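Reader: Hey, got a minute to walk me through this model? I'd like to start with the charged pairs and then look around.

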Amino acid sequence: MVKNILGLDLGKGSLGIAISRSGMFVSPLKEVRFHAGDYDECIKLFLKTIEMEKVEHIAIGLPLFPSGDPCEMTPIVEKFIEKIAPLFPGVDINKVDERNSTVEAAAMLHSNNKNSKKQRAVIDSAAAMIILERYLDSIGQL
(Lines give C-alpha, C1' and ligand atoms only; values in the text may rest on other atoms or scores of the structure.)
Protein backbone atom coordinates (compact mmCIF):
# COMPACT_ATOMS: atom_id res chain seq x y z
CA MET A 1 0.00 0.00 0.00
CA VAL A 2 1.30 3.43 -1.01
CA LYS A 3 1.41 5.90 1.91
CA ASN A 4 2.51 9.48 2.62
CA ILE A 5 1.21 10.86 -0.66
CA LEU A 6 0.71 14.53 -1.44
CA GLY A 7 -1.85 15.77 -3.92
CA LEU A 8 -1.02 19.10 -5.54
CA ASP A 9 -3.07 21.62 -7.49
CA LEU A 10 -0.72 24.26 -8.90
CA GLY A 11 -2.16 27.61 -9.87
CA LYS A 12 -0.67 30.91 -10.97
CA GLY A 13 -0.36 32.21 -7.40
CA SER A 14 -1.31 29.33 -5.14
CA LEU A 15 -0.60 25.68 -4.50
CA GLY A 16 -3.38 23.53 -3.11
CA ILE A 17 -2.08 20.63 -1.03
CA ALA A 18 -3.76 17.48 0.26
CA ILE A 19 -2.25 14.46 1.98
CA SER A 20 -2.96 10.80 2.47
CA ARG A 21 -0.84 9.45 5.28
CA SER A 22 -2.62 6.09 5.35
CA GLY A 23 -2.99 5.61 1.62
CA MET A 24 -6.78 5.56 2.01
CA PHE A 25 -7.99 8.77 3.65
CA VAL A 26 -7.35 12.21 2.19
CA SER A 27 -7.09 15.46 4.15
CA PRO A 28 -6.47 19.02 2.99
CA LEU A 29 -3.42 20.96 4.11
CA LYS A 30 -2.99 24.73 4.21
CA GLU A 31 -2.64 26.25 0.77
CA VAL A 32 0.63 27.89 -0.20
CA ARG A 33 0.24 31.42 -1.53
CA PHE A 34 3.03 33.02 -3.54
CA HIS A 35 3.54 35.96 -5.88
CA ALA A 36 1.85 35.17 -9.18
CA GLY A 37 4.21 33.26 -11.43
CA ASP A 38 7.02 33.02 -8.86
CA TYR A 39 7.27 29.24 -8.76
CA ASP A 40 10.70 29.35 -7.10
CA GLU A 41 9.04 31.05 -4.11
CA CYS A 42 6.33 28.38 -4.21
CA ILE A 43 8.94 25.61 -4.13
CA LYS A 44 10.72 27.17 -1.12
CA LEU A 45 7.45 27.30 0.81
CA PHE A 46 6.49 23.81 -0.34
CA LEU A 47 9.81 22.18 0.68
CA LYS A 48 8.90 22.36 4.36
CA THR A 49 5.72 20.38 3.82
CA ILE A 50 7.54 17.60 1.96
CA GLU A 51 10.17 17.28 4.67
CA MET A 52 7.74 17.47 7.62
CA GLU A 53 5.36 14.89 6.16
CA LYS A 54 8.03 12.42 5.00
CA VAL A 55 6.39 12.32 1.57
CA GLU A 56 7.10 9.28 -0.60
CA HIS A 57 4.78 10.06 -3.53
CA ILE A 58 3.31 13.15 -5.18
CA ALA A 59 0.21 13.25 -7.37
CA ILE A 60 0.18 16.56 -9.20
CA GLY A 61 -2.73 17.79 -11.26
CA LEU A 62 -2.01 18.14 -14.96
CA PRO A 63 -4.22 20.87 -16.41
CA LEU A 64 -5.76 20.14 -19.80
CA PHE A 65 -8.53 21.55 -21.96
CA PRO A 66 -11.79 19.53 -21.89
CA SER A 67 -10.65 18.02 -25.21
CA GLY A 68 -7.55 16.61 -23.46
CA ASP A 69 -5.22 19.00 -25.26
CA PRO A 70 -2.58 20.96 -23.30
CA CYS A 71 -3.62 24.38 -22.03
CA GLU A 72 -1.69 27.48 -20.90
CA MET A 73 -0.86 25.94 -17.50
CA THR A 74 0.28 22.54 -18.83
CA PRO A 75 3.89 23.59 -19.63
CA ILE A 76 4.07 25.51 -16.33
CA VAL A 77 3.18 22.37 -14.38
CA GLU A 78 5.65 20.33 -16.47
CA LYS A 79 8.44 22.82 -15.63
CA PHE A 80 7.43 22.80 -11.97
CA ILE A 81 7.78 19.00 -11.94
CA GLU A 82 11.22 19.32 -13.59
CA LYS A 83 12.28 21.74 -10.85
CA ILE A 84 11.08 19.68 -7.89
CA ALA A 85 12.09 16.22 -9.13
CA PRO A 86 15.84 16.67 -8.44
CA LEU A 87 15.09 18.09 -4.99
CA PHE A 88 13.33 14.85 -4.00
CA PRO A 89 15.15 11.97 -5.70
CA GLY A 90 13.31 9.32 -3.65
CA VAL A 91 9.85 10.79 -4.23
CA ASP A 92 7.71 9.30 -6.99
CA ILE A 93 5.94 12.11 -8.94
CA ASN A 94 2.78 11.20 -10.85
CA LYS A 95 0.73 13.42 -13.16
CA VAL A 96 -3.03 13.18 -12.75
CA ASP A 97 -5.60 14.61 -15.15
CA GLU A 98 -7.12 17.49 -13.20
CA ARG A 99 -9.97 18.35 -15.57
CA ASN A 100 -13.02 19.52 -13.58
CA SER A 101 -11.27 19.04 -10.21
CA THR A 102 -12.00 22.62 -9.15
CA VAL A 103 -15.65 22.25 -10.18
CA GLU A 104 -15.92 19.02 -8.17
CA ALA A 105 -14.18 20.67 -5.22
CA ALA A 106 -16.58 23.64 -5.32
CA ALA A 107 -19.56 21.27 -5.35
CA MET A 108 -18.11 19.31 -2.42
CA LEU A 109 -17.51 22.50 -0.43
CA HIS A 110 -20.98 23.81 -1.28
CA SER A 111 -22.52 20.57 0.02
CA ASN A 112 -20.61 21.24 3.26
CA ASN A 113 -22.26 24.68 3.57
CA LYS A 114 -19.32 26.74 2.25
CA ASN A 115 -20.56 29.47 -0.05
CA SER A 116 -18.39 30.90 -2.83
CA LYS A 117 -16.87 33.57 -0.58
CA LYS A 118 -15.87 31.02 2.09
CA GLN A 119 -14.49 28.66 -0.56
CA ARG A 120 -11.79 31.06 -1.79
CA ALA A 121 -9.35 30.24 0.99
CA VAL A 122 -9.65 26.46 0.60
CA ILE A 123 -10.73 25.71 -2.98
CA ASP A 124 -7.22 24.83 -4.22
CA SER A 125 -6.60 22.37 -1.38
CA ALA A 126 -10.05 20.87 -1.99
CA ALA A 127 -9.09 20.44 -5.67
CA ALA A 128 -5.83 18.82 -4.52
CA MET A 129 -7.96 16.37 -2.51
CA ILE A 130 -9.90 15.47 -5.68
CA ILE A 131 -6.62 14.99 -7.58
CA LEU A 132 -5.21 12.78 -4.82
CA GLU A 133 -8.41 10.73 -4.65
CA ARG A 134 -8.21 10.19 -8.42
CA TYR A 135 -4.63 8.99 -8.05
CA LEU A 136 -5.50 6.63 -5.21
CA ASP A 137 -8.39 5.27 -7.26
CA SER A 138 -6.10 4.76 -10.27
CA ILE A 139 -3.74 2.58 -8.21
CA GLY A 140 -6.61 0.66 -6.60
CA GLN A 141 -6.37 2.09 -3.11
CA LEU A 142 -9.79 3.75 -2.92
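Author: Sure. Glu104 and Arg134 form a salt bridge, with the closest N and O atoms 2.6 Å apart. A salt bridge here is a side-chain nitrogen of Lys or Arg within 4 Å of a carboxyl oxygen of Asp or Glu.

Reader: Which parts does the Glu104 and Arg134 pair tie together?

Author: Glu104 lies in helix 3 and Arg134 in helix 5 (residues 123-138), so the pair ties together parts that are 30 residues apart in sequence. Helices (H or I, at least four residues) and strands (E, at least two) are DSSP runs, numbered from the N terminus.

Reader: And what kind of model is this?

Author: This is a predicted model, where local features need pLDDT of at least 70 and side-chain atom pairs count only at pLDDT 80 or more, while totals for chains, interfaces and linings use all residues. Residues are numbered from 1 along each chain as its sequence is written, and side-chain values use heavy atoms, with hydrogens and water left out.

Reader: Back to the pair. Is Glu104 buried or exposed?

Author: In between: Glu104 counts as partly exposed at 37% relative accessibility, and Arg134 is also partly exposed, at 22%. Buried means under 20% relative accessible area, exposed over 50%, and partly exposed in between (1.4 Å probe, protein chains only).

Reader: What else does Arg134 touch around there?

Author: Ser101 is in contact with Arg134, as well as with Ala127, Ile130 and Ile131, leaving aside neighbours within four places in sequence. Contact means heavy atoms within 4.5 Å. Ser101 sits in helix 3 and is buried, at 1% relative accessibility.

Reader: How many salt bridges in the structure?

Author: Seven. One of them joins the side chains of Lys12 and Glu72 at 2.9 Å, N to O. That pair links distant parts of the chain, 60 residues apart: Lys12 in the loop between strand 1 and strand 2, Glu72 in the loop between strand 4 and helix 2. Lys12 is partly exposed at 45%, whereas Glu72 is exposed at 54%.

Reader: Any with Arg99?

Author: Yes, Arg99 forms a salt bridge with Asp97, and their closest N and O atoms are 2.5 Å apart. Arg99 is partly exposed at 28%. Arg99 also helps line the largest pocket.

Reader: Oh, a pocket. What volume does the largest pocket have?

Author: About 260 Å³. On a 1 Å grid over the protein atoms alone, a pocket is an open set of points where a 1.4 Å probe fits, with protein on both sides within 12 Å along at least five of seven lines, and lining residues have an atom within 4 Å of a point. The volume is the space filled by probe spheres set on the points, which are joined across faces, edges and corners.

Reader: Which residues line the largest pocket?

Author: Among them are Asp9, Leu10, Gly11, Glu98, Asn100, Ser101 and Asp124. Strand 1 and helix 3 (101-111) are the elements giving two or more residues to the lining.

Reader: Switching topic: which residues touch the most other members in the largest nonpolar core?

Author: Leu6, Leu8, Leu10, Leu15, Phe46, Ile58 and Phe80, out of 25 residues. Such a core is a set of buried Ala, Val, Leu, Ile, Met, Phe, Trp, Tyr and Cys residues joined through side-chain atoms within 4.5 Å. Helix 1 gives the largest share of this core, five residues.

Reader: Is there a second core?

Author: Yes, a separate one of 12 residues, including Val2, Ile5, Ile131 and Leu136.
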